[in-house]
Each structure stands twice: as C-alpha cells, then as structure tokens.
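Hi everyone, thanks for coming. I'll walk you through one structure today, so have a look at it while I talk.

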Amino acid sequence: SAFARVVDARHTDLTTVAVSRRNAATAFFSLPATLHRVIGANGPDGADVALIESVDTVWVAGNFGQVVIGSGDHIFAPLARRLRAAGLHVVQVIGGGRCSAELYRACDEQRYLPRTAFH
C-alpha cells in the first residue's frame, strides 16, 4: 500500500510482479489478483531476468506514458534506458536498500518509500 501511495497507483495501471519459481505460490497468494505475474528461474537474478524479458517496449510505449521500476538493482538500468529512448517517463521507487548509481541515472525521477514501510 505504501508503494501504491508513492506512485499514485490507479486501477487502470498495469502492474507486473516477478518472483522465482520457489517463491511463486507464497507471493502470488498474498498479492492482489489484479497484478500481472511473471515467474522466473530459481537462482540469482531469475525473477529479474524474467521480468525484463516480459517487457515489450513498443507495446508499453504505445499504451502508457510512464513506467515505474520498484528496484535499486543495476540489472534494470538497460531496461530503463530503452524505455526512456522509446519516449516513456521512467520513475524509480527506492525502498530501504541500496540503489545502483547506474539505475538512478537511467531514470527520469526517483520517489522514496517512507521509512515506516519497512517496520
């Protein structure tokens, strides 16, 4: 709910969440049914890679004006650059962890989750 408030989420938004196979059932049963779900491989970056591969930049650019990336991981920097090159406004939401400088620079804007979201 903190994330939805920070990005001003609307019912018309497309929200995609990716998790590894081993965490899929737990994550998907606890998340709202309206989310688009992507299942990645178990292991390092499995969910991240699956999420990145699920993004059709041309389709997204034709249907939306903004993309929100809820991560600080550098693996999303090339995707952020592609989305910006396609004319989309790219917002990064930063939580309590560290943030990649490469991803930070690849986005148009940063928004921060409130510290209370982590307690």
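How many bridges join E3 and strand E4, and in which sense do they pair? The answer is four bridges, in the parallel sense. Before I go on, a word on what you're looking at: this is a predicted model, where local features need pLDDT of at least 70 and side-chain atom pairs count only at pLDDT 80 or more, while totals for chains, interfaces and linings use all residues. Residues are numbered from 1 along each chain as its sequence is written, and side-chain values use heavy atoms, with hydrogens and water left out.

Some vocabulary. When I say helix or strand, I mean a DSSP run, numbered from the N terminus: H or I with at least four residues for helices, E with at least two for strands. Two strands pair if DSSP finds at least two bridges between them.

OK, back to the sheet. It's an open one with three strands, in the order E3-E4-E5, and the pairing is parallel. Strand E3 (66-69) and strand E5 (109-112) stand at the edges with a single partner strand each, so one side of each has no neighbour in the sheet. From one strand to the next, the twist averages 25 degrees (axes are lines fitted to C-alpha atoms, for helices over the stretch in contact, and angles run from 0 to 180 degrees between N-to-C directions).

Strand E4 covers residues 89-94. Within E4, His-89 is the bridge partner of Gln-66, and Val-90 stands opposite Val-67. E4 is also mostly covered, with five of its six residues buried. Buried means under 20% relative accessible area, exposed means over 50%, and partly exposed is in between, using a 1.4 Å probe and protein chains only.

That takes us inside. A nonpolar core here is a set of buried Ala, Val, Leu, Ile, Met, Phe, Trp, Tyr and Cys residues joined through side-chain atoms within 4.5 Å. The largest one has 16 residues, and among the members that touch the most others are Val-67, Val-90, Phe-76 and Leu-103. Which elements give two or more residues to this core? They are helix H3 (46-53), E3, helix H5 (77-85) and helix H6 (101-106). H5 gives the most, with four residues. There's also a second, separate core of five residues, including Val-6, Val-7, Val-93 and Leu-113.

Let's zoom in on two of those core members. Contact, by the way, means heavy atoms within 4.5 Å. Leaving aside neighbours within four places in sequence, Val-90 is in contact with residues including Val-67, Ile-69, Leu-83 and Cys-107. Leu-103 sits in helix H6, and Leu-103 is buried, with a relative accessible area of 0%. Again leaving aside neighbours within four places in sequence, the contacts of Leu-103 include Ser-71, Phe-76, Ala-80 and Gln-92. Here's one to find on screen: Leu-103 and Arg-81 are 22 residues apart in sequence, and 8.8 Å apart in space, C-alpha to C-alpha.

Why is H3 largely enclosed by the rest of the structure? Because six of its eight residues are buried. Those are Gly-46, Ala-47, Asp-48, Ala-50, Leu-51 and Ile-52. What covers them includes E1, strand E2 (36-40) and H5. One residue to look at in strand E1 (residues 16-20) is Ser-20. Ser-20 is buried, at 10% relative accessible area, and its contacts, leaving aside neighbours within four places in sequence, include Ile-39 and Ala-47.

Now, cysteines. A disulfide is a covalent bond between the sulfur atoms of two cysteines. The cut-off used for this model is a pair of cysteine sulfur atoms within 2.5 Å. How many disulfides does the structure hold? Zero. The sulfur of Cys-99 is 7.9 Å from the closest cysteine sulfur, in Cys-107, and that's too far for a bond. Cys-107 is buried at 6% relative accessibility, whereas Cys-99 is partly exposed at 31%.

Last stop, the aromatics. Rings of Phe, Tyr and Trp (its six-membered ring) pair if their centres lie within 6.5 Å; planes under 30 degrees apart count as stacked, over 60 as edge-to-face, and the rest as tilted. The structure holds one aromatic pair. That pair is Trp-59 and Phe-64, edge-to-face, at 5.8 Å centre to centre with 65 degrees between the planes. Trp-59 is partly exposed at 42% relative accessibility, and Phe-64 is partly exposed at 27%.
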